[in-house]
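Please examine the structure below with attention to its backbone geometry and to the surroundings of its ligand. The explanation that follows takes these two topics in turn.

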Amino acid sequence: MNKGKHITMAFESSCDETSVAILEEGRTVLSNVISSQIDIHTKFGGVVPEIASRHHLENINMVVDQALDEAGITLDDVDLIGVTYGPGLIGALLVGVATAKAIAWAKDIPIVGVHHIHGHISASYIKYKDLEPPFMALVVSGGHTNLVEVTDYNQCKVLGQTRDDAVGEAYDKVARVIGLGYPGGPKIDKVAKEGNPNAIDFKRVYLEKGSLDFSFSGLKTAVLNYLNTQRQAGNEINQADVAASFQQAVLDVIVDKTMEAVKTFKKDKIVLAGGVAANSKLREMLEERCKEEGVKLLVPDPILCTDNAAMIGAAAYYKFKTMGADDLHMDATANLPL
Ligand code: KG4
Ligand code: ZN
């Protein structure tokens with residue numbers, strides 16, 4: 001191992017992925033092991049918190065060993081430990097935080113707690129080696145829908161957020177009611193390609209003029225009402241048309257508000273982050289609008305969009321550089337503010 005390079009070991013366990021990554025100089029991934037519990041939770045139609053924490057506990061040591069092995073290092077080579085300490089499921093977060101702290105204490109390695117959203121935003125530093133703040137970030141996942149103005153590596157301001165369901169949550173719920181199953185996002189993405197996005201005119205919810213907040217729960221109810229009305233009338237439901245029309249209604253609002261934020265806050269780059277950033281229609285629509293407006297769109301690879309520890313490592317590296325280490329009192333916090 002070349003000991004001249006700074007090595008970060010990172011942990012992510014906020015939801016249903018147990019992940020450990022090793023990074024060199026904050027931006028080069030040496031390993032990024034992700035143990036997904038998706039198959040386990042699929043039979044329940046969503047993540048069951050107690051089951052998630054138990055599986056994190058069962059998997060974490062194995063994932064640690066594999067990450068070190070794949071990177072070709074030992075714990076003696078690690079210079080910094082980063083761990084997601086919120087927001088997320090408290091029992092799930094605790095497994096990552098306790099493991100990270102135990103290693104930090106035993107090996108006397110500095111540790112920093114990372115905000116999960118900050119991690120998602122930092123995924124772009126891995127793909128785009130020259131990327132530096134300032135930029136606008138759109139974070140769209142199963143738990144979050146945030147427009148974030150990133151002014152420095154460790155400074156960001158939430159300009160808009162969802163007032164009810166997160167966008168990924170809306171995708172998952174709508175997929176369930178139209179019979180696509182869990183996880184709904186990728187399934188709607190695929191099925192919608194076969195449907196007509198203008199078949200059903202679901203209302204676009206923009207909220208008050210100038211607001212950069214979002215609301216998706218009304219749309220979810222509108223889909224349910226549509227399905228009930230059609231079923232009562234004995235009409236056949238075209239799954240692809242419902243998926244495409246729902247998706248169009250969601251993405252029209254997200255793309256409009258993102259472009260409005262970029263203009264108002266004078267940014268020339270948008271970083272797309274979070275699980276829903278893997279959505280092909282969202283990428284396509286944003287790319288088109290960014291081209292029109294002369295804005296650069298930066299999208300990490302799909303594996304870095306969904307929950308993973310490499311993105312936490314990138315965030316940890318810059319947090320440590322600007323703010324130094326946390327002490328071992330740093331703790332898992334279910335609703336940690338950004
Ligand atoms: O970031 P993530 O892995 O976990 C959270 O922090 O929430 O995001 C998971 C969410 C799920 O709701 C999933 O349905 C959604 O991202 N998702 C997608 C796609 N791939 C994943 N949504 C729409 N289109 C996709 N291709
Ligand atoms: Zn996430």
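Where is the place of Pro87? In this predicted model, Pro87 belongs to the loop that runs between strand E4 (80–86) and helix H3 (90–107). The peptide bond joining Gly86 to Pro87 is cis, and its omega is about -15 degrees. A further cis peptide bond leads from Tyr182 to Pro183, with omega near -5 degrees. Pro183 is likewise a loop residue, found between H5 and H6.

Most peptide bonds are trans, and most residues other than glycine have a negative phi. Against the second of these tendencies stands Asp108, which is not a glycine and yet has a positive phi of about 55 degrees. Asp108 lies in the loop between H3 and strand E5 (111–115). Helix H3 thus has a loop with a cis bond before it and the loop of Asp108 after it.

The second topic is the ligand. The space that ligand 1 takes is the largest pocket. Helix H4 (116–127), helix H5 (167–177) and helix H6 (184–192) are the elements that give two or more residues to the shell around ligand 1. H5 and H6 are also the helices on either side of the loop that holds Pro183.

Around ligand 1 there are 18 residues, the closest being Gly142, Asp172, Asp189, Gly275 and Asn279. By character, the shell residues divide into 11 polar, four nonpolar and three charged. Both domain 1 (7–128 + 305–323) and domain 2 (135–301) supply at least three residues each to this shell.

Which atoms make polar contacts with ligand 1? A polar side-chain atom of Asn279 lies 2.9 Å from a nitrogen atom of ligand 1. Two contacts involve the protein backbone: an N or O backbone atom of Gly275 is 3.0 Å from an oxygen atom of the ligand, and a polar backbone atom of Asp307 is 3.1 Å from an oxygen atom of ligand 1. Taken alone, ligand 1 exposes 550 Å², of which the protein buries 88%.

How values were computed: Residues numbered from 1 in each chain as written. Chains lettered and ligands numbered in written order. Predicted model: local features only at pLDDT ≥ 70, side-chain atom pairs only at ≥ 80, totals over all residues. Heavy atoms only, no water. Near = heavy atom within 4 Å. Polar contact = N/O pair within 3.5 Å; in protein donor to acceptor, adjacent residues only side chain to side chain. Areas by Shrake-Rupley, 256 points an atom, 1.4 Å probe, with all protein chains shown as cover. 1 Å grid on protein atoms, 1.4 Å probe; cavity = no way out; pocket = protein on both sides within 12 Å on 5 of 7 lines; lining within 4 Å. Sits in = over half its atoms within 2 Å of the grid points. Helix = DSSP H or I, 4+ residues; strand = E, 2+ residues; numbered from the N terminus. Nonpolar A, V, L, I, M, F, W, Y, C, P; charged D, E, K, R; others polar. Domains from an automatic or database assignment.
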